[in-house]
Amino acid sequence: MLGRVTIQFFRFFQKVSPGDSYPEAPVEFPEPTIIIKEELEMVDPQKLELRVLATEDRLVHPEKSKEITCGICLGVLEDPMQCSNGHLFCAECIRVSIAQKEQCPQCRCRVTFDSLSRSLFVRQYISNLLIHCQYHYTATLDPDQTPQPDPEGCAAQVKLCDLEQHERVCEYSFTRCPFTYSNSHKDFHLVRKCKLETHQKECVLRPAICRYCEICIPFNTLLKHEQNCPRMPIVCDKCKLETFKGEIVTHIENDCEYQTIPCPFSAHGCPITVLRKDVNDHVAKNYVQHLLYLQKSHDHQLAQQRQKFERALEINHKEINHLRKQLQSKNNDTKFSVQWTIPGFLSKKMKYLQSDPFSFYGFNWFIGLYPFGDNRESGNYLSIYMFVDSKTLPKSKSITLDFTIKVVNQLTPSSSVVKQFHMTFPIQGQGQGWGDRKAISRDQITAESGFMLNNAVVLELDIQVLNVSWVL
Ligand SMILES: [Zn+2]
Ligand SMILES: [Zn+2]
Ligand SMILES: [Zn+2]
Ligand SMILES: [Zn+2]
Ligand SMILES: [Zn+2]
Ligand SMILES: [Zn+2]
Ligand SMILES: [Zn+2]
């Protein structure tokens, strides 16, 4: 996981005493730019688990080691004890061995821990053995690697009894370079104490300051940073203005007087490009031409708007037609049939008979029958009309119909009297009904003719609605 952890990084700087080859960190640090690995622990070099060679591998005169080797662990004797026959073992090694079997592992004589004796001579001999301190060798944290003698390391030959004291203060012991902060082997600088000062002066991670923006960054990133530093002074090669690398693009785009730019009327058609410093001059000198460009471009825009508007209108028309068709298909009932049976026809002496009302498309209708005609001339005929109810007319709406008035021949339907009409209701200026004044003569209404059966006359109205429209 990567993140900005500048604070940790700078904490190291405070520990560093300023040297000659790197400048002191500024008191106020500029914007943090260093990205390092997060979750790093500060490593205490005391806790480093450096690989250390065994004592017998560090003897200055290894050939002497045979005489002082433990018969059990084969290492240099530690706190040597001997059996009655003089066989030597580390105190701890023989103690463990006796716990299992009370005999000397070499001569098999019977021993207990108490029967063993100390060997002062051997002890003295071992104490005076010369040994290389652990900082005579290269440092490694890798358990698979063996430290190697290092010509740069500690050259002291120390008596084994003084080793601990020596190693505690050895100038060649290892410490962590304060500019490294990772405990992963790769990023970690292990430096000998006596060489730390020199190392810090040369460390690739030592703090360095950009000479342009004064940001403090690791030395090994300085070069790249300086090459791209936004505060690097730069001269505009067009107008020779001194500016900074980070501002040159803005300068050229917005300010440079010697940058060639399109005329401000380019969007309206002026094809000229001029130096920025000459723009005003160009505009002033071509005043009329620019107005013409402007006019033309506005006309063009207007035409485009109109086209757009017309396209929208067309789409709307289509939509309306579509909806109209949908509406028509919904009002599929454009055909109506009404039958009116008039019983006891001959006994009716009234001048006018009216059917029950019926309705469709919001209009109310009825059939009107004048059994003795509706004027003097038609006295011998039945006058039959289809009426629209003028009292309940829907507002601003008209309906166009084909309709037939049929006087049904109840014996031979094919001989029925059929009158066909085409009319738009409400009828403009000619009353509310439409039909035939002389639909059928009264003489024909007989039982024999079939137009009257059981004294009943049957009228039928067949209507085909053609169109309904609203007048807005
Ligand atoms: Zn041993
Ligand atoms: Zn023995
Ligand atoms: Zn040493
Ligand atoms: Zn370093
Ligand atoms: Zn910089
Ligand atoms: Zn410039
Ligand atoms: Zn122009």
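Student: What makes two strands count as a pair?

Tutor: Two strands pair if DSSP finds at least two bridges between them. In this predicted model, six bridges join S19 to S20. Six bridges meet a cut-off of at least two, so S19 and S20 are a pair. The two strands run antiparallel, and Ile-367 stands opposite Met-386 in S20.

Student: How do you know that S20 pairs with S23?

Tutor: Six bridges join S20 to S23, and the cut-off is at least two, so these strands pair as well. They run antiparallel. The bridge partner of Ile-384 in S23 is Asp-436.

Student: Why is S20 called largely enclosed by the rest of the structure?

Tutor: A residue is buried if 20 or more other C-beta atoms lie within 10 Å of its own. Eight of the eight residues of S20 are buried, so the strand is largely enclosed. Both faces are included: Tyr-381, Ser-383, Tyr-385 and Phe-387 point one way, Leu-382, Ile-384, Met-386 and Val-388 point the other way, and all are buried.

Student: Which strand gives the largest share of the largest nonpolar core?

Tutor: That is S20, with seven residues. The core has 28 residues, and those touching the most other members are Ile-367, Leu-382, Ile-384, Met-386, Ala-439 and Leu-459. Strands S19, S20, S21, S23 and S24 each supply at least two residues of this core. In soluble globular proteins, nonpolar side chains tend to be buried together.

Student: What does Leu-382 touch, beyond residues up to four places away in sequence?

Tutor: Leu-382 touches Leu-369, Tyr-370, Pro-371, Ala-439, Ile-440 and Arg-442. Apart from the largest core lies another, of 24 residues, including Cys-93, Ile-94, Leu-116 and Leu-163.

Student: What makes S4 and S5 edge strands?

Tutor: Each of them pairs on one side only. They belong to an open sheet of three strands with the order S4-S3-S5 and antiparallel pairing. Three bridges join S3 to S4; the cut-off is at least two, so S3 and S4 are a pair. In that pair, Met-81 stands opposite Phe-89 in S4. Helix H2 (residues 91-100) packs on the sheet, touching S3 and S4, and its direction makes about 95 degrees with that of S4.

Student: Where does pLDDT stay under 50?

Tutor: Over residues 1-43, for which the model has 54 contacts beyond four places in sequence. pLDDT is the predictor's confidence in each residue, from 0 to 100, so confidence in this stretch is under 50 on that scale. The protein averages a pLDDT of 85, and 87% of the residues score at least 70.

How values were computed: Residues numbered from 1 in each chain as written. Chains lettered and ligands numbered in written order. Predicted model: local features only at pLDDT ≥ 70, side-chain atom pairs only at ≥ 80, totals over all residues. Helix = DSSP H or I, 4+ residues; strand = E, 2+ residues; numbered from the N terminus. Contact = placed C-beta atoms within 7 Å. Axes fitted to C-alpha atoms, helices over the stretch in contact; angles between N-to-C directions. Core = buried A, V, L, I, M, F, W, Y, C linked by C-beta atoms within 7 Å. Buried ≥ 20, exposed ≤ 12 C-beta atoms within 10 Å, placed from the backbone.
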